[in-house]
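Reader: I am in my first year, and I would like a close look at a single part of this model, the way its aromatic side chains are placed. Please go slowly, and explain each term when it comes up.

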Amino acid sequence: MSQNGMNRRRFLRRAAGAASAGVAVPWFVPSSALGGAGRPAASERIAMACIGLGIQGTGNMRAFLGQGDVQVKAVCDVSESQRQKGKALVDGHYGNEDCIACVDFREVCSRPDIDVVSLATPDHWHVLIGLEAARHGKHMYYEKPIGWSFRAGQMLRDAVHRHGVVFQFGTQQRSERNFRFACELVRNGRIGALQTILVGVPGSVAVPELPSEPVPEDLDYEMWLGPARWAPYSFERCRPYTHRPGESWTRNYSTWYHLSDYCIGFIGNWGIHHVDIAQWGHGTEHTGPVEVAGHGAFPSEGAADCALTWQVENRFADGVTLVHMDNATSATHPAQIPGFSQGVLFKGAEGWVFVNRSKIDADPKSLLQSEIGPSEVRLHESRNHHRDFLDAIGAGRAPASPIDVALRSDTICMLSDIAIRLGRKLRWDPAKEEVIDDAQATRLLTRPMRGPWHV
């Protein structure tokens, strides 16, 4: 790079800016060019910070540690114990003690020696951290969903484009062969005219009333709450899929996922995965439904207030209906193929294709052995979602799950939640991104934030 008079950070800004503007940069710098034939020198690697060190965040960090052209330089979490675990993991990988451990994401995002961030916090923090990263020119690997506010998501999309950063959404199914192949079959008319899409995902769970407990000394609980309304601390509120010290069992209800102060529940947090594939196969990545209607069941007691079960019909202008459901409802839907529930079922006039993380099936079966021709629709091919993000930065191209596509898929989940909470049909203008003639639904597109946090 030095021979071309351009250091790593200048190149990353140039490539990302071109990608944001839709211009290809035909100069990709492989890792071998950054430091000889082997691993590039630390000073020439893409410098990363990992924000949020729970299960998903640590998993993403491990994935990036496995990429030779990345140097994880900082970790950030509101829990001291999580920070130290993350730092120990990074330092152990590199054989030094150089990793920086921070409690405040703003400190990480403002560091000039950081190029990219991996963001994996509870949902209510996503947009605020993403906005801060964009303002400082940081590319971001951004865990799904966009967040719990549609209007804030629009602001994030604008910021990503304005600051020319690469955004990869954590909908990693786009980097799995079966999902891509299923969508290509549908997009190329192999099942005839598409008529209906059934989506099944895990339902949320009921949560007992949460106890009020002393805040642990190693937790900055005020920063954990952030823009969410104040609530007393409890272990279950803050730590998903884990157990108290000394306990050997997992509380399957102990999670913020099912509390609307932090998340809209699995209708969005899990739903985004399969809804995104439905959008990909339908070819509606840059638009959305025109009508959204359905029903859901909510907890009658306890702390949780997110939908346990639901069925929402999203009707598109071309007549296709996307039915978004929890698994139990999906399994018994009249249009479902017997034995299927969780996953995405595309039904056409001449056959069907079903796909989830464990299998792909079709009728006729011969579709599974067919090949997509060079003149047919061929979708973005990636075999590793984390690698695709890094390659998109270097090549100056869009990644598998860019911000515009991410927000459109996320919108369907948010509208589904609003429709069942209000108990009525919503009419949606996908061009203007507005609810038509429904002031109450329009207000729900925005979430108030507890001061001093704001967008």
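Which residues form one aromatic cluster?

Author: The cluster is made up of Tyr221, Trp224, Tyr233 and Tyr262. Before going further, please keep in mind that this is a predicted model, in which local features need pLDDT of at least 70 and side-chain atom pairs pLDDT 80 or more, while totals for chains, interfaces and linings use all residues. Residues are numbered from 1 along each chain as its sequence is written, and side-chain values use heavy atoms, leaving out hydrogens and water.

Across the whole structure, a search finds 17 aromatic pairs (rings of Phe, Tyr or the six-membered ring of Trp with centres within 6.5 Å; stacked if the planes are under 30 degrees apart, edge-to-face if over 60, tilted otherwise). One of them joins Phe105 and Trp125, and this pair is edge-to-face because the ring planes stand at 65° to each other, with the ring centres 5.3 Å apart. The two residues come from distant parts of the chain, 20 residues apart: Phe105 belongs to helix H5 (residues 105-109), whereas Trp125 lies in the loop between strand S4 (116-119) and helix H6 (126-135). Helices (H or I, at least four residues) and strands (E, at least two) are DSSP runs numbered from the N terminus. Phe105 and Trp125 are both buried (under 20% relative accessible area; exposed is over 50%, partly exposed in between, with a 1.4 Å probe and protein chains only).

A second pair is formed by Tyr142 and Phe167, whose ring centres are 4.9 Å apart and whose planes meet at 40°, so this pair is tilted. Tyr142 is in strand S5 (residues 139-142) and Phe167 is in strand S6 (residues 167-169), so their contact ties together parts of the chain that are 25 residues apart in sequence. Tyr142 counts as buried because its relative accessibility is 0%, and Phe167 is buried as well, with a relative accessible area of 2%.

The strands that carry this second pair belong to an open sheet of 6 strands, in which the order is S3-S2-S1-S4-S5-S6 and the pairing is parallel (two strands pair if DSSP finds at least two bridges between them). At the edges of this sheet are strand S3 (100-102) and S6, each of which pairs on one side only. Further inside, S4 and S5 are paired in the parallel sense over 4 bridges, and Ser118 has Tyr141 of S5 as its bridge partner.

An aromatic residue also appears in another open sheet, which has 9 strands with mixed pairing, in the order S13-S12-S11-S7-S10-S9-S8-S14-S15. Its edge strands, each pairing on one side only, are strand S13 (360-363) and strand S15 (434-435). Strand S12 (residues 351-355) and S13 run antiparallel and are joined by 4 bridges, and here Trp352 has Asp363 of S13 as its bridge partner.

For comparison with the buried rings, it helps to look at His93 in helix H4 (residues 80-94). With a relative accessible area of 40%, His93 is partly exposed. Its C-alpha atom is 7.6 Å from that of Leu65, although the two residues are 28 residues apart in sequence. Helix H15, on the other hand, has 18 of its 20 residues buried, so the rest of the structure largely encloses this helix. After H15 comes Gly423, which has a positive phi, near 70°.
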